[in-house]
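This report goes through a single protein chain, from its strand pairing to its overall dimensions. Please keep the sequence and the model in view while reading.

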Amino acid sequence: FCPSQPQNLEFSSNAATLTLNDGTTLSARLVVAADGIDSWVRQTAGIHADIKPYGEMGLFANLQC
C-alpha cells in the first residue's frame with residue numbers, strides 16, 4: 001500500500017476499518033499497534049502508554065574485509 005499513509009481508524013463491535021489517504025479502506029478483526037514509541041495506531045485508538053526508558057544502548061557497525 002506504500003506510499004499511502006493512514007488517515008483514519010474506526011472501531012466497531014466486530015471490526016476495525018483503516019482508511020488510507022488515497023481512499024483505500026481496509027477492515028480487520030485484529031489490529032496490532034506495533035508502529036513504535038509514537039504509535040499512531042495506539043494514539044488514534046486512545047490507548048494510554050507509560051513510556052519508560054530501559055537504559056539500553058546499541059552498537060551497529062558495517063565491516064568490510
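In which sense do strand S2 and strand S3 pair, and over how many bridges? Strand S2, residues 16-20, pairs with strand S3, residues 25-28, in the antiparallel sense, and the pairing runs over four bridges. The model is a predicted one, and the values below are computed from it.

**Sheet**

The protein chain contains one helix and three strands. In sequence order these elements give the pattern β-β-β-α. The strands make up an open sheet with the order S1-S2-S3 and antiparallel pairing. S1, residues 6-11, and S3 are at the edges; each has a single partner strand, so one side of each lacks a neighbour in the sheet. From one strand to the next, the twist averages 20°.

S1 and S2 run antiparallel and are joined by five bridges. The connection from S1 to S2 is a hairpin through four residues. S2 and S3 likewise form a hairpin, with four residues between them. In the turn of the S2-S3 hairpin, glycine 23 has a positive phi of about 95°. Most residues other than glycine have a negative phi.

The table lists residues that stand opposite each other in the two strand pairings.

| Residue | Opposite residue | Strand of the opposite residue |
|---|---|---|
| Proline 6 | Leucine 20 | S2 |
| Asparagine 8 | Threonine 19 | S2 |
| Alanine 16 | Alanine 28 | S3 |
| Leucine 18 | Leucine 26 | S3 |

In a regular strand, side chains alternate between the two faces of the sheet.

**Alanine 28**

Alanine 28 belongs to strand S3. Is alanine 28 buried or partly exposed? Its relative accessibility is 31%, and alanine 28 therefore counts as partly exposed, given that the class lies between 20% and 50%. Leaving aside residues up to four places away in sequence, alanine 28 touches Ala15 and Ala16. Ala16 is also the residue that stands opposite alanine 28 in the pairing with S3. Isoleucine 51 is 23 residues from alanine 28 along the chain, and the C-alpha atoms of the two are separated by 27 Å.

**Proline 3 and aspartate 22**

Proline 3 is located in the segment before S1. The peptide bond that joins cysteine 2 and proline 3 is cis, with omega at about 10°. Most peptide bonds are trans.

Where does aspartate 22 lie? Aspartate 22 is in the loop between S2 and S3. With a relative accessible area of 49%, aspartate 22 is partly exposed. In sequence, aspartate 22 and proline 3 are 19 residues apart, while their C-alpha to C-alpha distance is 9.3 Å.

**Chain as a whole**

What radius of gyration does the protein chain have? The value is 17 Å, whereas a compact globule of 65 residues would have one near 11 Å. The C-alpha trace spans about 50 × 30 × 20 Å along its principal axes.

Of the 65 residues in the protein chain, 11% count as buried. The accessible surface amounts to about 6,000 Å², and carbon and sulfur atoms hold 54% of that surface. Among contacts in the protein chain with a separation of 6 or more, residues 24 or more positions apart account for 15%.

**Confidence**

The average pLDDT of the protein chain is 92, and 100% of the residues score at least 70. Where in the protein chain is confidence lowest, and where is it highest? Confidence is lowest in helix H1, residues 40-45, with a mean of 92. Confidence is highest in S3, at 98.

Definitions and conventions: Residues numbered from 1 in each chain as written. Predicted model: local features only at pLDDT ≥ 70, side-chain atom pairs only at ≥ 80, totals over all residues. Heavy atoms only, no water. Pairing = 2+ DSSP bridges. Helix = DSSP H or I, 4+ residues; strand = E, 2+ residues; numbered from the N terminus. Axes fitted to C-alpha atoms, helices over the stretch in contact; angles between N-to-C directions. pLDDT = per-residue confidence, 0-100. Rg over C-alpha atoms; globule rule 2.2 N^0.38 Å. Buried < 20%, exposed > 50% of the residue type's maximum accessible area, 1.4 Å probe, protein only. Contact = heavy atoms within 4.5 Å. Areas by Shrake-Rupley, 256 points an atom, 1.4 Å probe, with all protein chains shown as cover.
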